[in-house]
Amino acid sequence: MINKQLTSKSGIKCDQKPAQLNSPEITKVMTIRSTVTRVCEVITDLHFSVPVALSRPEVPEAVDDVLTLRGDEGSVAVVVKKWDFLKAGQSGWLEVTGLLEDGTAHTVKLMEGEPLTDSDEKEGVSRPLLRKELNKFPNKAELTVVFRTTVDACCEDGPVITFPESKYTLRKYYRDLTDFNDRTFGRWERGPGAPDPRDLTFESLGVASDGNEQYSVKNFTHTGKNLGVILHREFDDLESGTTYAFSARVRRYNTSDPTPKLSLKADNVAITSIEVLTDPNTWVTLAGTFVASSNFALLVLHSHERDPGIAGNDYLIDYLLVEEV
Ligand SMILES: [Ca+2]
Ligand SMILES: [Ca+2]
């Protein structure tokens, strides 16, 4: 009797036919007895008998199957819950697939035939999916997450079991950051308020915790002709009707007068008040919002100091950020 064999201390035998094992009682026993996985070719039938026992890979950070992405720093976890048949040493494949903007399929391989670790066996599988990889997919991309693993069968390479896939929709918020740490203006340009290359230079802010030297733009107002547009950029990849926040970090450079007076504009409309920078030790964040009326918007950092200000009106500019709200 199959039931009797199953409940005996010796468990299932290799000489049992898969069909004999394909019954609800046995399926239940198999899902709770990892020793069964070692019992050979029966596992092939298991694949069909117990799909309910296979958990889907998950992205816990997603809400209602929507994975929100802002920026590209760090990673999100992709996890596969602990499963009785996951054993250290088995090979695992964990993949995230979606369509790129041009319609071609792209797969991010988080595990590629990689042996499962003791921790994978005890706590389940978890691998980081870098946000910069996710950023390769367009907004609203459908992402399919698949996990596969081999299962030992009588000391031979067992079959590859594919877990049920999960699907997520990528909700990608627009985010464009220029931090000047590469000592370029990126896609920003000097405006008529910085007519001489000696007006705007790059100033070191020291070495950050990641070991990299940080830089900002310094406006030393060398020419004294530094009223009006200091930095500007025509954005061409916005979405009409969408609200964006535009911000910049600024700091007075010294105590020489006059004080710097700065604001931000979008399409020639002020989106912040005029900030007077009085403290050379404090970074101030200028921030305002605007609604894009097309894909395009002209964003500007504007200087309002009319005094020639050759001696003063000196300041640092950093972290120009445009983000969908
Ligand atoms: Ca910087
Ligand atoms: Ca100056």
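This note sets out points on a predicted model of one protein chain with a bound calcium ion.

1. Confidence. The average pLDDT of the chain is 86, and 82% of the residues reach a score of at least 70. Two stretches call for caution. Residues 1-14 have a pLDDT below 50, although this stretch makes 22 contacts in the model beyond near neighbours in sequence. Residues 24-52 are also below 50 in pLDDT, and there the model shows 57 contacts beyond near neighbours.

2. Overall architecture. The chain contains six helices and 20 strands. Of its 325 residues, 44% count as buried. Among contacts with a separation of 6 or more, 72% are between residues 24 or more positions apart.

3. The calcium site. Ligand 1, the calcium ion, is coordinated at 2.3 to 2.6 Å by the O atoms of Asp179 and Tyr215, by OD1 of Asn181 and by two OD entries of Asp318. Along the chain, these donors follow the spacing D-x1-N-x33-Y-x102-D. Distant parts of the chain are thereby linked: aspartate 179 lies in the loop between strand S9 (175-178) and strand S10 (189-190), while aspartate 318 lies in strand S20 (residues 315-324), 139 residues apart. Aspartate 179 is partly exposed, with a relative accessible area of 28%, whereas aspartate 318 is buried, at 9%.

4. Phenylalanine 202. This residue belongs to strand S11 (residues 200-207) and is partly exposed, its relative accessible area being 25%. Beyond its neighbours within four places in sequence, phenylalanine 202 has contacts that include Phe180, Phe185, Val217 and Tyr215. Tyr215 also supplies a donor to the calcium ion. The C-alpha atom of phenylalanine 202 is 8.7 Å from that of asparagine 219, which is 17 residues away along the chain.

5. Lysine 172. Found in strand S8 (residues 166-173), lysine 172 is buried and yet has no salt bridge. The nearest side chain of opposite charge belongs to glutamate 101, at 6.5 Å; this pair does not count as a salt bridge because the cut-off is 4 Å. Two backbone oxygens are within reach of the lysine 172 side chain: that of asparagine 135, at 2.7 Å from a polar atom of the side chain, and that of phenylalanine 137, also at 2.7 Å. Leaving aside neighbours within four places in sequence, lysine 172 is in contact with residues including Leu69, Pro138 and Glu324.

6. Salt bridges between strands. The structure holds 18 salt bridges. In one of them, glutamate 114 pairs with arginine 127, and the closest N and O atoms are 3.0 Å apart. Glutamate 114 is in strand S4 (residues 105-115) and arginine 127 in strand S5 (residues 125-130), 13 residues apart. Glutamate 114 is partly exposed at 27% relative accessible area, while arginine 127 is buried at 12%. Another salt bridge joins the side chains of glutamate 142 and lysine 167, at 3.9 Å from N to O. Here strand S6 (residues 142-150) is linked to strand S8, the two residues being 25 residues apart. Both count as partly exposed, glutamate 142 at 47% and lysine 167 at 37%.

7. A salt bridge to a loop, and a network. Lysine 261 forms a salt bridge with glutamate 305, with 2.4 Å between the closest N and O atoms. Lysine 261 is in strand S15 (residues 261-266), and glutamate 305 is in the loop between strand S19 (297-303) and S20, 44 residues apart. Glutamate 305 is buried, with a relative accessible area of 8%. Elsewhere, salt bridges with shared partners connect Glu114, Asp120 and Arg127 in one network.

Notes
Residues are numbered from 1 along each chain as its sequence is written. Chains are lettered from A and ligands numbered from 1 in the order in which they are written. This is a predicted model: local features need pLDDT of at least 70, side-chain atom pairs count only at pLDDT 80 or more; totals for chains, interfaces and linings use all residues. Side-chain values use heavy atoms; hydrogens and water are left out. Donors are N, O and S atoms within 2.8 Å of the metal (3.2 Å for Na, K and Ca); water is not among the atoms, so sites may look incomplete. Helices (H or I, at least four residues) and strands (E, at least two) are DSSP runs, numbered from the N terminus. Buried means under 20% relative accessible area, exposed over 50%, partly exposed in between (1.4 Å probe, protein chains only). Contact means heavy atoms within 4.5 Å. pLDDT is the predictor's confidence in each residue, from 0 to 100. Lys and Arg count as positive and Asp and Glu as negative; His and the chain ends are not counted. A polar contact is a pair of N or O atoms within 3.5 Å; within protein, one must be able to donate a hydrogen and the other to accept it, and residues adjacent in sequence count only if both atoms are side-chain atoms.
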